[in-house]
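Please walk through this protein slowly, keeping the sequence and the 3D view side by side as you read.

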Amino acid sequence: RPCPSSRCLEALTVREASIRYGMCNYVLPTLCRAVPESVQLLLDGLMSSHPSEGAIVSNLWAVTAVIKISRRWGAEASTGDAQVKTPSTARFLKAALLHVNDDMRLNALEMLCVSSKSTEVITDEELSLVKEFLAMNMKSSSSHYRQR
């Protein structure tokens, strides 16, 4: 019988956007609230299953989505990877912030800015990543991108 986390990993990394968005809107928030430890299992699976640099890029969306949702629902307290303190998370996030796709970059920025606690102080690593993002994207010519 397959492990439920492997099914979640499959659904987060499929090409079909409707499945990925369904996971993010319905499954992951419930999972984060009910079993906060599952966030770490998902992140471990996403970060270790594809160690090559090309595959890291293909998992960027899934990693940023899991971290963003875990931070939004407060599950990051049970996992250090939901914050930008580990080298593996910082590597994924930096790659997402530098990605050629506008939506990926905005997803990564949202991941940095979202938190379940409005008074939580951001880390120095997070601040430096936001500064780097702003410096690189300040002159974007896309009106759609600027308005988001």
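**An aromatic pair and the core**

At a relative accessibility of 44%, tyrosine 21 counts as partly exposed, and since the model in view is a predicted one, this value, like the others below, is computed from predicted coordinates. Tryptophan 61, by contrast, has a relative accessible area of 15% and is buried, because a residue counts as buried when that area is under 20%.

These two residues belong together, for a search of the whole structure finds one aromatic pair, and tyrosine 21 and tryptophan 61 are its members, arranged edge-to-face with 5.5 Å from centre to centre and 85 degrees between the planes. Tyrosine 21 sits in helix H2 (residues 17-34) while tryptophan 61 sits in helix H5 (residues 60-72), so the pair ties together parts that are 40 residues apart in sequence. Tryptophan 61 has a further partner in arginine 20, which lies over the face of its ring at 4.8 Å from the ring centre.

From here we can turn to the nonpolar interior. The largest nonpolar core has 34 residues, and Leu12 and Val66 are those with the most contacts inside it. Helices H1 (4-13), H2, H3 (38-48), H5, H6 (87-97), H7 (102-113) and H8 (124-137) each supply at least two residues of this core, and H5 gives the most, with eight residues.

Which residues does leucine 12 touch, leaving aside its neighbours within four places in sequence? Leucine 12 is in contact with Arg20, Met23, Cys24, Leu28, Leu46, Trp61, Ala62 and Val66, a list that includes Arg20 and Trp61, the two residues that meet where arginine 20 lies over the face of tryptophan 61.

Definitions and conventions:
Residues numbered from 1 in each chain as written. Predicted model: local features only at pLDDT ≥ 70, side-chain atom pairs only at ≥ 80, totals over all residues. Heavy atoms only, no water. Phe/Tyr/Trp six-rings, centres within 6.5 Å; stacked < 30°, edge-to-face > 60°. Helix = DSSP H or I, 4+ residues; strand = E, 2+ residues; numbered from the N terminus. Buried < 20%, exposed > 50% of the residue type's maximum accessible area, 1.4 Å probe, protein only. Lys NZ or Arg CZ within 6 Å of the ring centre and 35° of its normal. Core = buried A, V, L, I, M, F, W, Y, C linked by side-chain atoms within 4.5 Å. Contact = heavy atoms within 4.5 Å.
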